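Colleague: I am new to this structure and would like to understand how the words used for it are justified. Could we take them one by one, setting each value against its cut-off?

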Amino acid sequence: MGWGVSAWNTFVVPHAPGQVDDTPALLAALPKFSTNATILFREGVTYNIFTPVKFPALNNVEVRIEGNLTYPKDIATVQAIVGSSSFPGAWFSFTGGNNVTLRGSLDPRWGWVDGHGQAWWDANQQPVAWNFATSGSSNLHAFNNKIVAVSDTNSFPFNTDGFSAGGKNMLFENNHVQNGTTVSPDSYCEGGHGLSIGSLGKGGQVSDVQDVLMENVVMNNTLYGARFKSWTGGNGLARNITWRNIRFLDVPFPIYVTQNYWDQGVGPRPNTTSTNNTHIQDFLFEDFTGVIRDEPYVEGSCVTDPCIYPQEVVVLDLYPGTATNVLAKNIVGRTQTGAPAAAMCDPTTVTNDVGFKCWDGLFIPTRAGI
């Protein structure tokens, strides 16, 4: 009885000269290179990715971005594509697959994806074509990626999510992220909205997020450090989620958990009589050290007037009867102003020692938190 060995193939993505969209040629070839293959955007080439790329289910595939990739520069063109019924949800989407590696370049001149966000921010618009999203994938590895989504003007960089991750057994590591929204673990992160889970349960949707570890991250000048958010009235479960070994510098909200999330841009928190919420269980925040930003500053996503400058190192905004075993351990934070670090927590919403005195007052570690 013989054993077959599948050959490994390398597909170099072709590039057409001029302002020609390179996506169609890539999509035409992908079915032939969806298994045991390397898909290579070669160094020295700037590819025109003028329409979205939806990868088929990939098995044992490495995607190497060693060249540069560029979106359309025209805002109206991108809006029309994203608004069409065929838009897959992100400019690059991975739907299903196994053992997939997304490899960036170590050369600072190459490996960039240029979404031309500055034009959007200057026009006071939020970019709508997110870069990467995974859905239904397993054993996915993304590393050595650098995401820079910072504004060169006073315009705030909205909608700069680095990775939108969905699936199982996914590893994001050694990524350098400077942005205005969400970041990834094992990384240096600057100017974003933190190591975030959610928002979950919008409109009563059922959510299931389990077994997540985010560790060894430096958070510099981000709005949040570790963050979880779910909508009132949602369903499902978020369980076994750990944020560990986080160093934060000038972060207003180092640890922020809310089960009462709403869209602040459309008005105040709505009244609700719903008894549902996305349940959370076994949340651990461990080994956080740094500086809480409590001096006045301008943060582009602030919707209050004036903006609120907190002194809480931990905020647990929980929904009664839906949170189990939430723990903050070895948390050390000082404020910029020298004011004592505080905590915000309603003791009627917790069922265990959360690692500090659960009240709206000074941050006082308890036995479980030491």
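Colleague: What makes R109 count as buried, partly exposed or exposed?

Modeller: This is a predicted model, and in it R109 has a relative accessibility of 57%. Exposed means over 50%, so R109 counts as exposed.

Colleague: And why is D107 classed as it is, buried or exposed?

Modeller: The relative accessibility of D107 is 18%, and because buried means under 20%, D107 counts as buried.

Colleague: How do you know that D107 forms a salt bridge with R109?

Modeller: The closest N and O atoms of D107 and R109 are 2.9 Å apart, and since the cut-off is within 4 Å, the pair is called a salt bridge. The structure holds six salt bridges, and another of them is formed by R64 with E66, where the closest N and O atoms are 2.5 Å apart. R64 has a relative accessibility of 25%; this value lies between the limits of under 20% for buried and over 50% for exposed, so R64 counts as partly exposed.

Colleague: What makes the pair of R244 and E215 a salt bridge, and which parts of the chain does the pair link?

Modeller: In that pair the closest N and O atoms are 3.6 Å apart, which again satisfies the limit of within 4 Å, and the pair is therefore a salt bridge. R244 belongs to strand β20 (residues 235-251) and E215 to strand β18 (residues 206-220), so that the pair links distant parts of the chain, 29 residues apart. Salt bridges that share partners join E215, R244 and E286 into one network. As for accessibility, R244 counts as partly exposed at 27%, and E215 counts as partly exposed at 22%.

Colleague: Why is the link of C345 and C358 called a disulfide?

Modeller: The sulfur atoms of C345 and C358 are 1.9 Å apart, and the definition asks for sulfur atoms within 2.5 Å, so the two cysteines form a disulfide. A search of the whole structure finds one disulfide. C345 lies in strand β25 (residues 342-345), whereas C358 lies in the loop between β25 and β26 (361-362), so the pair ties together parts that are 13 residues apart in sequence. Both C345 and C358 are buried, and the link, with -80 degrees about the S-S bond, is left-handed.

Colleague: Which strands are the edge strands of the sheet that has the order β17-β19-β21-β23-β25-β26?

Modeller: That sheet is open, has six strands and shows mixed pairing. Its edge strands are β17 (195-200) and β26, as each of them pairs on one side only. Within the sheet, strand β23 (residues 312-317) and β25 pair in the parallel sense over four bridges; two strands pair if there are at least two bridges between them, so four bridges meet the condition. In this pairing V314 stands opposite A343 in β25.

Colleague: How do you know that the buried residues of helix α2 are on the same side?

Modeller: In helix α2 (residues 75-82), the residues I75, V78, I81 and V82 are buried. They cover an arc of only 130 degrees around the axis, which puts them on the same side of α2. The buried residues of α2 pack against α3. Helix α3 (residues 117-122) holds Q118, which counts as buried because its relative accessibility is 19%.

Colleague: Where is the pLDDT below 50, and how many contacts does the stretch have?

Modeller: The protein averages a pLDDT of 85, and 84% of the residues score at least 70. Among the elements, strand β10 (residues 132-135) has the lowest mean pLDDT, 67, and β3 the highest, 98. Over residues 1-5 the pLDDT is below 50, and beyond near neighbours in sequence this stretch has zero contacts in the model. Residues 181-185 also stay under 50, although the model has 34 contacts for them beyond four places in sequence. Where pLDDT is low, the predicted coordinates should not be read in detail.

Conventions. Residues numbered from 1 in each chain as written. Predicted model: local features only at pLDDT ≥ 70, side-chain atom pairs only at ≥ 80, totals over all residues. Heavy atoms only, no water. Helix = DSSP H or I, 4+ residues; strand = E, 2+ residues; numbered from the N terminus. Buried < 20%, exposed > 50% of the residue type's maximum accessible area, 1.4 Å probe, protein only. Salt bridge = Lys/Arg side-chain N within 4 Å of Asp/Glu carboxyl O. Arc of directions from axis to C-beta. Contact = heavy atoms within 4.5 Å. pLDDT = per-residue confidence, 0-100.
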